Amino acid sequence: MPETPADRWDSAHGDALARTLGLLRRADSTMDAVSLADVIWLAAQRPPASVPPRRPGGPPSPARPADAPVGSPPPERLRLARRGRPTGPAPHTESTAVPRSPALPSSLELGRALRPFKRPWRQGRRPALDIAATVRDYARTGELIPAFAPAPERWYDLTLLVDRSPSMTVWQEVLDEFRRRLRTLGAFRAVRVRELYADGERPEIADGRGNRHPPGSLGLPTARSLLLIASDCTSLAWRNGTLWHSAYIWALKGSVALVNPLPPKIWRHVGVDLPAGRVGSPGTPGPWNAALRFHPPLSPVPSAAAVPGQPDWLPLPVQAFSPHSLGRWARLLMRAAPEGCDALFLPASYEPVPPAVREVDRPGREHAVADAFFHLASPAAARLAVLCTPFDRLSLPLVRFVQERMVPEATVADLAEILVAGLFSAEEAADAVRGGVELSYRPGVREVAQRRLGVRDVRTLRQLLARHTEEHPGDSDWLPGADTVMGPVSPAPAGPVTPPDPPRPSLTVRAGGDPARSAAVSRNRPYFFLSYAHTPRFGTGGPDPDMWVERLFRDLCGHVMALTDLPAGAPVGFMDREIRTGEGWSERLGAALAACRVFVPLFSPRYFASETCGREWHAFAQRMIHHQARSNAPAGAIVPALWVPVPSEQLPSPAAALQFTHRSFGERYATEGLYGLIKLRFAEEYERSIYELAKRIVHVAESTSLDPSRVLDYRTVPSAFGVAGSRQRRIRLTVVAPTRHQLPEGRAAEYYGESPLDWNPYHPVSARPLVWVAEELARSLDYRVTVSSFDEQVPHHDGEQAPSSPEVLLLDRWALADEGRRARLAAFDAGHRPWVGVVVPWNRSDPQSSARETGLTARLEETLPSTMNQVLRAAARGVSSMEEFSQLLPRVIEDAAQRYLRHAQALPPRPLLPSPPQEGIHDDRTGGGNGHTRSS
């Protein structure tokens with residue numbers, strides 16, 4: 001009988017398996033067959049621990065990191081060659097390794113944005129032990145019989161359909177990171193990946209085994225399945241409408257969405273010629289596309305679209321690779337968020353539009369393409385394109401390296417804007433880049449881009465590469481030199497000619513490498529943030545009313561560039577007209593406000609009536625307050641500009657408190673404003689005012705040194721101008737804290753002072769008392785603040801006295817150790833005071849507070865049970881940092897003010913002619929106080 005393959009395997013591996021089983025039984029005699037099978041299966045899942053093969057003439061290849069996921073590719077290395085002056089028959093070359101940058105920026109933030117998908121489906125497919133039902137049955141019958149119930153599980157099964165067309169090659173690593181993020185997020189029951197091949201007239205979908213099938217084989221989505229299509233929509237199947245029709249069929253009875261790496265403003269250059277709009281939720285989680293609320297587009301419906309039983313239009317949510325965009329989509333599906341998300345509208349019948357000849361494909365038009373790109377591109381995309389000019393050939397890892405080190409504010413949309421603008425020609429790369437692409441500038445384009453390249457930028461690039469070489473000297477021992485190099489690159493001179501530097505070598509990069517990171521964020525911060533109120537358009541025609549504000553912004557940027565040593569392409573200023581349509585405007589505004597050095601509000605009557613402008617002001621004011629609290633030094637980084645004159649009595653208190661004289665910029669500027677100088681054609685006065693304003697911006701930016709802060713959620717920031725049309729409001733801040741002489745035994749005195757108002761729970765991060773920070777935050781919200789101590793204001797807390805303002809208690813839980821103070825707080829809680837809010841600062845880096853947290857929290861709940869039930873729980877359960885305190889205190893103040901208006905006693909209106917005040921009578925509404933309080 002001939003020997004079978006199974007017999008050959010048994011003869012080769014049977015003895016080894018028997019020896020392995022014998023060793024396992026001797027190690028643990030209690031192991032049965034199931035346990036042995038589990039051990040063998042677990043061992044098979046581990047990655048091989050063998051030593052990686054050595055490269056010829058060099059050290060062994062780097063091993064896979066210990067925390068790398070099973071099945072992930074080994075880390076690649078980025079090969080770099082630099083050519084110096086030739087010293088022999090062959091050019092001198094050096095090799096180094098450049099650290100690899102992440103392909104998907106803000107990956108962690110993106111995962112947080114998709115957390116709404118973790119909402120459970122209560123009736124799952126797997127049973128789980130129902131302890132409550134089991135106990136009830138046991139108490140009723142006396143028999144212990146386990147009861148089971150469906151266990152909750154994730155809502156959706158996700159199918160990620162990845163477009164594998166040639167144009168999507170540049171996004172392969174971005175999609176790989178996105179896929180890994182979806183699988184490690186734990187928000188879906190299962191994540192399966194299918195590949196879409198749409199470069200032909202008939203698209204095909206490959207299953208998990210690589211077999212290709214028509215689009216109909218994907219099947220119709222069910223109520224518990226979610227289809228996410230990742231494509232740039234540039235292939236033929238998108239342009240001729242085949243895939244749009246398939247998407248219509250999928251969206252008819254399921255949840256389907258499209259994620260596109262390209263920014264919306266360049267969709268017209270690809271196969272996206274469908275109407276777009278906003279869709280809303282029907283009010284229930286997990287809706288199908290057909291159930292989403294939307295207004296049908298005004299575009300005419302083709303006659304063939306009239307299919308009985310099918311709608312003329314279906315919405316297809318379309319997202320970008322950004323946390324803001326994907327977060328809106330997730331909240332729409334799972335939380336019925338009212339803001340909705342962006343979508344395309346699919347017709348039942350699609351009529352393709354013949355593609356137009358692109359300008360980049362016309363011979364001899366390369367210079368025009370480059371000029372048009374730099375005229376219309378975003379600042380981050382233009383700067384990134386300029387910084388790539390020193391390199392002969394580029395790979396995507398190199399472009400991301402330059403992006404992370406030199407242009408950290410750039411996003412995937414900025415990178416897409418460069419790749420689809422026609423600046424580069426793409427070729428298939430060598431084996432080193434593992435099937436990637438190599439980019440090279442088209443003829444004539446590089447010359448235009450090099451005119452914007454500065455010597456300082458090239459030096460910075462060389463320093464970043466040299467620093468990594470010094471930190472990792474062994475990386476270049478086994479790397480061979482690059483194949484080709486290019487001569488030195490010299491940017492076009494601008495202005496007076498200076499002695500040239502030594503020749504700068506060109507750089508040729510082949511693949512990705514080391515994950516080392518180098519921070520270069522500080523030098524990319526904008527000098528100023530221009531805050532202005534948008535003017536509505538009057539009538540149906542006419543020019544943009546904000547065009548003069550944009551001219552002001554450009555003139556300011558030009559003067560700041562001339563007064564500083566900023567390199568070409570660096571972010572000088574920021575205004576929201578630069579935000580592209582479809583992007584997360586609140587996300588971009590929050591990031592700019594967290595990084596800018598100077599805040600420039602454009603004063604006008606419309607400005608102080610704008611809630612958006614008030615939010616911008618308050619977000620920047622928080623940074624100044626934090627800076628002053630940490631450094632105990634002033635931080636006046638607000639430089640106002642007068643757009644339209646505003647009477648001083650109409651200024652809210654945050655603006656009126658600024659120590660600024662507008663007449664120093666010129667008499668006509670103070671009387672007419674910048675808008676008047678432009679419209680009345682006072683060119684000389686306008687230029688002088690803009691120049692003086694730019695000088696003030698540069699001086700304040702360089703003298704204040706305001707540190708960047710954490711990005712705030714712009715949608716939750718309150719306005720600094722209060723309620724439009726209302727008088728200045730009042731708030732009382734009461735500190736409940738001991739002095740350093742009243743501390744319980746063993747409590748550290750470094751957090752306290754001679755008065756309760758000196759309490760500083762966030763020491764040593766903060767150098768000023770907490771009540772100072774709270775007072776400045778309340779004043780930045782246009783409140784008139786009265787600060788007092790609870791121990792000194794017992795008569796004020798008499799339950800029979802009517803309140804004159806809302807109140808916020810800043811409470812130290814250590815103050816409850818004093819029984820007398822605790823009794824007064826209990827009496828305070830017994831009175832009905834719904835207008836009182838409570839904030840409990842709690843420094844978790846304080847070891848004494850952390851050790852006693854449970855006991856002190858319980859004592860607080862026992863002392864103030866009524867007050868704790870009606871206040872904001874997030875602020876009352878312990879605020880662990882000064883940043884969190886700055887975010888929660890405005891919410892507590894607004895909540896207390898609203899409840900005060902509902903419960904306070906209504907006062908009659910004042911007479912038109914005020915009567916002389918009677919001697920010995922004090923009207924509390926005039927803002928007077930006693931000796932135990934101070935008002936600001």
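A residue counts as buried here when its relative accessible area is under 20%. Keep that cut-off in mind as we walk through this predicted model.

**The whole protein**

Start with everything shown. By that cut-off, 48% of the 936 residues of the protein are buried. Colour by secondary structure next, and you can look for 28 helices and 28 strands. Switch on a surface: the protein exposes about 46700 Å², with carbon and sulfur atoms supplying 54% of that area. If you display contacts between residues at least 6 apart in sequence, 76% of them join residues at least 24 apart.

**Helix 12**

Now select residues 412-419, which make up helix 12. How many of its residues are buried? The count is 8 of 8, so this helix is mostly covered under the 20% cut-off. Stepping along it, you pass Val-412, Ala-413, Asp-414 and Leu-415, then Ala-416, Glu-417, Ile-418 and Leu-419, each of them buried. Asp-414 and Glu-417 are worth a click while you are here, as both belong to that buried set.

**Two residues with positive phi**

Move to Ala-336, in the loop that runs between helix 8 (323-335) and strand 15 (341-347). Its phi is positive, about 50°, although Ala-336 is not a glycine. Is Ala-336 buried or partly exposed? Its relative accessibility is 26%, so Ala-336 counts as partly exposed.

For a second case, select Asp-782, in the loop between helix 22 and strand 25 (783-789). Asp-782 is not a glycine either, and its phi is positive at about 65°. Here the relative accessible area is 10%, so Asp-782 is buried.

**A cis peptide bond**

Next, pick His-763 and Pro-764 together and show their backbone atoms. The peptide bond that joins them is cis, with omega about 5°. Zoom out a little to place Pro-764: this residue sits in the loop between strand 24 (729-736) and helix 22 (770-779). Helix 22 is also the one that comes before the loop of Asp-782.

**Cysteines**

Finish with two cysteines. Cys-233 has a relative accessible area of 0%, so this residue is buried. Select Cys-341 as well: its relative accessible area is 0%, and Cys-341 is therefore buried too. How many disulfides does a search of the whole structure find? The search finds 0.

Terms used. Residues are numbered from 1 along each chain as its sequence is written. This is a predicted model: local features need pLDDT of at least 70, side-chain atom pairs count only at pLDDT 80 or more; totals for chains, interfaces and linings use all residues. Side-chain values use heavy atoms; hydrogens and water are left out. Helices (H or I, at least four residues) and strands (E, at least two) are DSSP runs, numbered from the N terminus. Buried means under 20% relative accessible area, exposed over 50%, partly exposed in between (1.4 Å probe, protein chains only). Contact means heavy atoms within 4.5 Å. Accessible areas come from the Shrake-Rupley method with a 1.4 Å probe; for residues, only the protein chains shown count as cover. A disulfide is a pair of cysteine sulfur atoms within 2.5 Å.
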